[in-house]
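Student: Could you show me how to read salt bridges in a protein model? I'd like the general idea, then some real cases.

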Amino acid sequence: MSFQPHGKHLIAGQWLASEEQFLSSPASGPAYSFSKGSIDLVNAAAEAAEAAFVEYGYTSRETRAHFLNVIADEIDARADAITEIGCFETGLPGARLIGERGRTVGQLRLFAQHILQGAYLDKRHDKAMPEREPLPRSDLKMMQRPIGPVAVFGASNFPLAFSTAGGDTAAALAAGCPVVVKGHSAHPGTGEIVAEAVAAAVEQCGIHPGVFSLIQGGDRAVGSALVQHPLIKAVGFTGSLTGGRALFDLCAARPEPIPFFGELGSVNPMFLLPEAVTARGDALANGWVQSLTMGAGQFCTNPGIAILKKGDAADRFLETARLALEKVPAQTMLTDGIAEAYRAGQKRISATTGVQEVLMTQCDQRDATPYLFATTGRHWLANEALAEEVFGPLGVVVTVDSDAQMLEIAKSLQGQLTCTLHLDEADTKLGRELMPVLERKAGRVLANGFPTGVEVCDSMVHGGPYPASTNFGATSVGTLSIRRFLRPVCYQDLPAALLPDDLNL
Ligand code: NAP
């Protein structure tokens, strides 16, 4: 391996070792030893972040844009080593990690451009009206200001784009907030090399070193202490519903509760309307299988549920999907725990009343092969647990008796990251009936496509009502995600000398 991790934490520019160690658990090759996180490290990182905020929160947009661009350059400078250790730790293929690095540096550069444009500040000005009767009006200005140090937790399935210098970190740094990352124990070496890139950018740009710290995991108490630290003012989290909910509850129970932006799981239902299924059922089944099994199904936008009207076209869709899934080879999962949870999910669904096993294959402990199940709308509606995410390449086809039952299923859904409609022109009436329901359920509604593959841009919403996320007003992908780390401040009659530079209108 070209990069040999030293296994230390990065706290405000210093690489520190702690006494206790944990071993990484890579998908292939030897394990490395990493220092375990500790409460002392959490305190040191949070205090350094607060000290940095006093300066960094007042840097110019140009300074922060340059800093983000240099982080991107430093990541690119370590491209091959990042891909190598990323593949080794996660089992994801090289092409996937190369693509994900492109997305990661692209996000950093996009935020640099975004803050230079300045529209995100949402500046407003109500001029003084000293002559107004019966009362004069003061001069009122408003703009968005950074909120303070932010804690970031990445997910195992995006070791770059939703991790150390991923979307949450990029958005927080762009806003003017220092970041303390809780490293993911599934990819600590990848975290370390990316932190090294951020540290190099901090030094090159002359930024306060407390602006970025990485505390490796190995102990869940570290994450809990971080979200409860009084100097941390918000949390960006991507991961499981269980982990996210536990940390969200801790944030809400703090003496000073803080916002917890948790991006969690989703089953991303697809509604296949009758005319579309009749016209191109085979293509839809093959497209679904591709989306369902990409990256061993380990995508938060994985479309796990297909809902369609019963009949010959539905039978054919199911059979085409089965034949295509049968050909998908075993793929390595991200961690032993995720592989175990995948099999537990399969057993839970197999044991549910009214569920038929369509494709059941055997695979080794850390490998995943696809599973396919079929059930009816009636059984689906009677078994709430069928709507819970199984992280991996597992699909459920639900056949409904009527349009009304399809609508009933849509209404029964929990919050989703995405809902998909497959429809032709003759399906428009049913599509229009579903739309008011689906747009209340999901952050993104799409037509005639597959939800895996999230564009990073201005219009993207990657979030949704609980449990897709813990904050339905926010997105974790795209430029709008900066909003999470800003708060509006109103300046009444303040002399120009006291206003932030950006507010001198
Ligand atoms: P995870 O197990 O919840 O881990 C995420 C992070 O939270 C890790 O750093 C983990 O620490 C920490 N953590 C989890 N539970 C904790 C607890 N009780 N106390 C303190 N820290 C805790 O999630 P994952 O397996 O990495 O990711 C897979 C899940 O993420 C899937 O459900 C997927 O759908 C979801 N996901 C969602 C999105 C999205 O944008 N919505 C994107 C990608 C993935 P350790 O390092 O100790 O494990």
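Student: Okay, let's start with one residue: is Asp282 buried, partly exposed or exposed?

Tutor: Keep in mind that this is a predicted model. Asp282 counts as partly exposed, because its relative accessibility is 27%.

Student: And what is the general idea behind a salt bridge?

Tutor: Side chains of opposite charge can pair when their charged atoms come close. Here, Asp282 pairs with Arg316, and their closest N and O atoms are 2.4 Å apart. This pair ties together distant parts of the chain: Arg316 sits in helix α10 (residues 312-326) and Asp282 in helix α9 (residues 274-293), 34 residues apart. Arg316 is exposed, at 52% relative accessible area.

Student: Where do Asp249 and Arg245 lie?

Tutor: Both are in helix α8 (residues 241-253), four residues apart, or about one turn of the helix. They form a salt bridge, with 3.1 Å between the closest N and O atoms. Asp249 is partly exposed at 35% relative accessibility, and Arg245 is partly exposed at 34%.

Student: Which residue does Asp139 form a salt bridge with?

Tutor: Its partner is Lys141, with the closest N and O atoms 3.4 Å apart. Asp139 counts as buried because its relative accessibility is 15%, and buried means under 20%. Lys141 is buried too, at 11%.

Student: Which residues are linked in a network of salt bridges?

Tutor: Look at Asp73, Asp76, Arg101 and Arg109, which are joined in such a network.

Student: How many salt bridges does the count come to?

Tutor: The count comes to 22 salt bridges.

Key:
Residues are numbered from 1 along each chain as its sequence is written. This is a predicted model: local features need pLDDT of at least 70, side-chain atom pairs count only at pLDDT 80 or more; totals for chains, interfaces and linings use all residues. Side-chain values use heavy atoms; hydrogens and water are left out. A salt bridge is a side-chain nitrogen of Lys or Arg within 4 Å of a carboxyl oxygen of Asp or Glu. Buried means under 20% relative accessible area, exposed over 50%, partly exposed in between (1.4 Å probe, protein chains only). Helices (H or I, at least four residues) and strands (E, at least two) are DSSP runs, numbered from the N terminus.
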